Amino acid sequence: MTGFDPTAHRMVPQQRWFEDFTLGERFVLPSRTMTEAIFLAFQAASGDNHPVHYDAEYCRARGMPHMLAHGFQVVIQTAAGAGMFPHMVEESLKGFLDQSSRFLHPVFVGDTLYPALEVDEITPQRTTGVIGLRSTVHNQKGELVLDGRQRYLLRRRPG
């Protein structure tokens with residue numbers, strides 16, 4: 001034996017429980033430039049074949065500068081798994097409850113997106129609690145292109 005403990009091999013060694021979160025706490029997610037390759041990968045995964053998402057000339061003929069991102073393509077930029085949140089709650093996470101989003105501005109090929117999550121709800125229950133995260137995505141111009149929410153069920157600290 002080498003003394004290696006695979007259960008101690010974590011991105012975030014200190015686990016967090018429901019009680020450890022505070023309103024206004026932010027989790028910045030990696031920025032990403034929306035390339036044609038990302039558009040094609042999303043088309044393959046989603047099966048959505050509408051030309052507004054995959055035909056630049058179709059879009060230009062309708063007054064758009066380039067292909068328009070699918071709404072879900074923008075939503076996935078707020079996946080908590082892209083950041084540190086899920087690593088912090090490996091022991092306490094019971095479930096992903098719900099998600100909602102509003103699309104405020106279009107996203108085109110070449111736009112760079114800056115997603116973030118912010119704690120906006122802390123609802124205690126008997127043995128668990130709900131943590132709500134406001135999800136936002138801004139573009140390179142500083143425009144809020146997506147405003148949404150995600151809610152997670154977390155265990156309270158044991159003992």
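**Exercise 1. Work out how many helices and strands the protein has, and in which order they come.**

*Solution.* Start with the count: this predicted model has five helices and six strands. Next, read along the sequence, where the pattern is β-β-α-α-α-α-α-β-β-β-β. Now turn to the overall dimensions. Along the principal axes, the C-alpha atoms fill a box of roughly 65 × 45 × 25 Å. Of the 159 residues, 41% are buried. Finally, look at the contacts with a separation of 6 or more: residues 24 or more positions apart account for 70% of them.

**Exercise 2. Describe the surface of the protein and its charged side chains.**

*Solution.* Begin with the area: about 9000 Å² is exposed, and carbon and sulfur atoms supply 56% of that. Then take the charges. There are 16 positive and 17 negative side chains, and the centres of the two sets lie 5 Å apart.

**Exercise 3. Trace how strands E3, E4, E5 and E6 are joined.**

*Solution.* Step one is the pair E4 and E5. Strand E4 covers residues 112-124, runs antiparallel to E5 and is joined to it by eleven bridges. These two strands form a hairpin with three residues between them.

Step two is the pair E5 and E6. Strand E6 spans residues 144-155, and eleven bridges join it to E5, again in an antiparallel arrangement. The hairpin of E5 and E6 has four residues between the strands, and in it Gly142 takes a positive phi near 85°.

Step three adds E3, made of residues 93-103, which is antiparallel to E6 and joined to it by nine bridges.

You can now put the strands in order by following the bridges: E4 pairs with E5, E5 with E6, and E6 with E3.

To check this on single residues, begin at Leu133. On one side, Val119 stands opposite Leu133 in E5; in E6, the bridge partner of Leu133 is Gln150. Two further partners in E6 are worth locating: Leu144 for His138, and Leu153 for Gly95.

**Exercise 4. Is strand E5 largely enclosed or largely open?**

*Solution.* Take residues 128-139 and ask how many are buried, which here calls for under 20% relative accessible area. Ten of the twelve residues pass, so E5 is largely enclosed by the rest of the structure. Bear in mind the strands joined to E5, with eleven bridges to E4 and eleven to E6.

**Exercise 5. Find the buried side of helix H1 and say what covers it.**

*Solution.* First list the buried residues of H1, which runs from 36 to 46: they are Phe39, Phe42 and Gln43. These three cover an arc of only 105° around the axis, which puts them on the same side of H1. The general rule helps here: an α-helix has 3.6 residues a turn, so residues three or four places apart point the same way.

Next, turn to the face pointing away from the buried side, where you will find the exposed residues Ala37, Leu40, Ala44 and Ala45. Then look for the cover: helix H2 (51-54) and helix H4 (71-75) are among the elements over the buried residues of H1. To finish, move to the residue that follows H1: Gly47 has a positive phi, near 80°.

**Exercise 6. Decide whether Arg16, Asn49 and Val75 are buried or exposed, and list what they touch.**

*Solution.* Apply the cut-offs, with buried meaning under 20% and exposed over 50%, and leave aside neighbours within four places in sequence when you reach the contacts.

- Arg16 lies in the segment before strand E1 (26-28). Its relative accessible area is 15%, so Arg16 is buried. The contacts of Arg16 are Phe21, Glu25, Phe27, Met88, Val89 and Ser92.
- Asn49 sits in the loop between H1 and H2. With a relative accessible area of 56%, Asn49 is exposed. Asn49 touches Gln43 and Tyr54. As a distance check, the C-alpha atoms of Asn49 and Val130 are separated by 37 Å, with their positions 81 residues apart along the chain.
- Val75 belongs to helix H4. A relative accessible area of 11% makes Val75 buried. Val75 is in contact with Gln99, Ser101, Phe103 and Leu146. From Val75 to Phe103 the C-alpha distance is 9.0 Å, although they are 28 residues apart in sequence.

Note on methods:
Residues numbered from 1 in each chain as written. Heavy atoms only, no water. Buried < 20%, exposed > 50% of the residue type's maximum accessible area, 1.4 Å probe, protein only. Arc of directions from axis to C-beta. Contact = heavy atoms within 4.5 Å. Pairing = 2+ DSSP bridges. Areas by Shrake-Rupley, 256 points an atom, 1.4 Å probe, with all protein chains shown as cover. Lys, Arg positive; Asp, Glu negative; His and termini not counted. Charge placed at Lys NZ, Arg CZ, Asp CG, Glu CD.
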